[in-house]
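Q: Could you take me through one part of this model in detail? I'd like to know what sits around it and how the pieces connect.

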Amino acid sequence: MQDFLFNTTRSIQFGNGALQKLGDIVLATAKGPVFLITDSGMMKTGIISKAIDILNAAKIEFRLFADVEADPPEQVIEAATRLAHDGAVGCVIGLGGGSSLDVAKLVALLAGGQERLKDIYGVGKARGPRLPLILVPTTAGTGSEVTPISIVTTGTAEKMGVVSPVLLPDVALLDPELTYGLPPQVTAATGIDAMVHAIEAFASANANNNPISRGFALQALKLIGSALLTAVKDGTNSAARTDMLLGSMLAGQAFANSPVAAVHALAYPLGGHFHIPHGLSNALVLPHVLRFNAVTAHELYVEPAVHAFPALASLEGQERVSAFCDALAQLSVDCGLPHRLRDVGITKDWIPRLARDAMNQTRLLVNNPRPITEEDALSIYHAAY
C-alpha cells in the first residue's frame, strides 16, 4: 500500500430539507456578519429568498453579493472581496452552482487574511487563514463543496486554479430539494461533469491516487449512471435527485484527492473562448479522450465502465472499454445535449488554437494516464468536431 493523503470537508450535512439547518449552522460557525454569495440566476429561483428568511428568523446579520458570473473572472472575486472587507464580515456562505461556491471559497480566504489572488494560483500556495465558510450546492455536478479547488478565468480566456486544503469549507450543506428546479440540460451537463470527475479520479496518474478516492469514484458512477436520465426527464423525482447530489459529492471527494486530467484540460479552452458551460465542455471531449487513453491504458476503465453501465458486464477487456466510450457518447445524446464541437458554434479553424491552449493546463495533463502532446490534442478535437 502506497502512502497517500485524503482531505475533505470537516462536516457534511445531507438530506431533503437540510437548508432549514442553515440558521443553526451559521450561529455555530460565524464570528460576525455573514456574507452570502450567489449569482443573478439564483436570485430568480426562490431559493435565495428562502435562505434569507432562514437567516432573518435566526436574527443573523448578513450582506448579499449576487454578481457571480459563470467561469468567474478575477474582477468578480476582487469586487466581492472588497465588499467583504468593507462589511467586516465574519463568515461566508456560498449558495448556488460551482461558480458561486468557487467565488465564496476565495473570498473567505482573501478577506480573512493578507494573501493576494495573483500570488496563490497553483498547488499549495494559499496558506490562510480564512473566514468560516459554509457551502450549499444547488447543482449536482461540480462537487465544489468538498474540493480544495477554485477555478478562475484570468485575462480573456485562460483558466487557472487555486488549490489548497485551506479552501475546504467548515460545512457542506447538501439539500437535494434545491436541485429540483434545474433545467434538463443543466441537469445533464452537470451530471456528466460529475461522471468525468469520477472517471478521471479513478484513472488518475497522480501519485496520490488512493483507495478511498477510487472507492468513492466507483460509488459515484453507480449512483449517477442509474439516476441521470431519470433526473433529466423528471426533475422532481426525489430518489434520482438524491442519488445525483450524493454521487456528485462523492465524485468531488474523489477528484479532490486524486486529481483530474486531460478531459478537463481539453474542456477548459472551450469554456474560456466560447463560454460553453463547464459540464457540457467536458461532455463534448470525454469519449474522445477516453478512446485516446484506452490505446495504452484500457485496463483502468474496465471497472468504472460496469459501475456506470451495468449492462457492460457481459463484455471484457478492451471490448468493454470501447463500449464504455460509446455508451458515454450516447448518454449525451439521450440527455439532449449537443455532442459535437460544431453543434456549439466552434469552427474547425479554431482547433489549432484550442490544442495550443490545452497544453497550458500542465497541472492537469500530468495526471493523464497516457502522455498527451499538442498533436494528440489536435486529433482529439478533430474527433470531437
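What follows is a walk along one helix, then out to its surroundings and the sheets.

Q: Let's zoom in on helix α7, residues 211-233. Which of its residues are buried, and what covers them?

A: Sure. Keep in mind that this is a predicted model.

Start with the overall geometry of the helix. α7 has 23 residues, and at 1.5 Å a residue it should span 33 Å; the C-alpha atoms at its ends are 34 Å apart, so the expected span and the model agree. There is a bend too, of about 40°, at Ala 227.

Now for the part you asked about. The buried residues in α7 are Ser 213, Ala 217, Leu 218, Ala 220, Leu 221, Leu 223, Ile 224, Ala 227, Leu 228, Ala 231 and Val 232. Ala 227, where the helix bends, is on that list as well. As for the cover over these residues, it includes α6 (184-203), α8 (238-257), α11 (302-308) and α12 (317-334).

Next, the start of the helix. Asn 210 sits in the loop between α6 and α7. A side-chain oxygen of Asn 210 comes to within 3.0 Å of the backbone nitrogen of Ile 212. The side chain of Asn 210 also has a polar atom 2.8 Å from the backbone oxygen of Asn 208. With a relative accessible area of 0%, against a cut-off of under 20% for buried, Asn 210 counts as buried. Setting aside neighbours within four places in sequence, the contacts of Asn 210 are Phe 4, Leu 5, Phe 6, Asn 257 and Ser 258. Of these, Asn 257 falls in α8, which spans 238-257.

That brings us to α8, one of the helices covering α7. A good residue to look at here is Ser 248, which lies in α8. Ser 248 and Ala 220 are 28 residues apart in sequence, yet their C-alpha atoms are 6.6 Å apart in space. Ser 248 is buried, with a relative accessible area of 1%. Beyond neighbours within four places in sequence, Ser 248 is in contact with Ala 140, Gly 141, Thr 142, Gly 143, Ala 194 and Ile 224. Two of those names tie back to what we've already seen: Ile 224 is a buried residue of α7, and Ala 194 falls within the 184-203 stretch of α6.

From α8 you can step across to a sheet. It is an open one of 6 strands, in the order β1-β9-β6-β4-β2-β3, with parallel pairing. β1 (11-14) and β3 (62-68) are the edge strands; each has a single partner, so one side of each has no neighbour in the sheet. On average, neighbouring strands here are turned by 15° against each other, ignoring direction. α8 packs on this sheet and touches β1, β6 and β9, with its direction at about 165° to that of β1.

Of the strands that α8 touches, β6 (residues 133-137) is worth a pause: 5 of its 5 residues are buried. Both of its faces are covered, with Leu 133, Leu 135 and Pro 137 on one side and Ile 134 and Val 136 on the other. β6 runs parallel to β4 (residues 91-96), joined by 5 bridges, and Gly 96 stands opposite Pro 137. β6 is also parallel to β9 (residues 171-174), with 2 bridges between them. In that pairing, Ile 134 has Val 171 as its bridge partner, while Leu 135 has Ala 172.

To round things off, there's another open sheet, with 3 strands in the order β5-β8-β7 and mixed pairing. β5 (122-123) and β7 (149-154) are at its edges, each with a single partner strand, so one side of each is left without a neighbour in the sheet. Helix α5 (residues 98-112) packs on this sheet, touching β7 and β8, and its direction makes about 100° with that of β7. The mixed pairing shows up in the details: β7 and β8 (residues 158-163) are antiparallel over 6 bridges, whereas β5 and β8 run parallel and share 2 bridges. Thr 154 stands opposite Glu 158 in the first of these pairings, and Gly 122 is opposite Val 162 in the other. β7 and β8 also make a hairpin with 3 residues between them, and Gly 155 in the turn has a positive phi of about 65°.

Terms used. Residues numbered from 1 in each chain as written. Predicted model: local features only at pLDDT ≥ 70, side-chain atom pairs only at ≥ 80, totals over all residues. Heavy atoms only, no water. Helix = DSSP H or I, 4+ residues; strand = E, 2+ residues; numbered from the N terminus. Expected span 1.5 Å × (residues − 1). Bend = angle between axes of the 7 residues up to and from the residue. Buried < 20%, exposed > 50% of the residue type's maximum accessible area, 1.4 Å probe, protein only. Contact = heavy atoms within 4.5 Å. Polar contact = N/O pair within 3.5 Å; in protein donor to acceptor, adjacent residues only side chain to side chain. Pairing = 2+ DSSP bridges. Axes fitted to C-alpha atoms, helices over the stretch in contact; angles between N-to-C directions.
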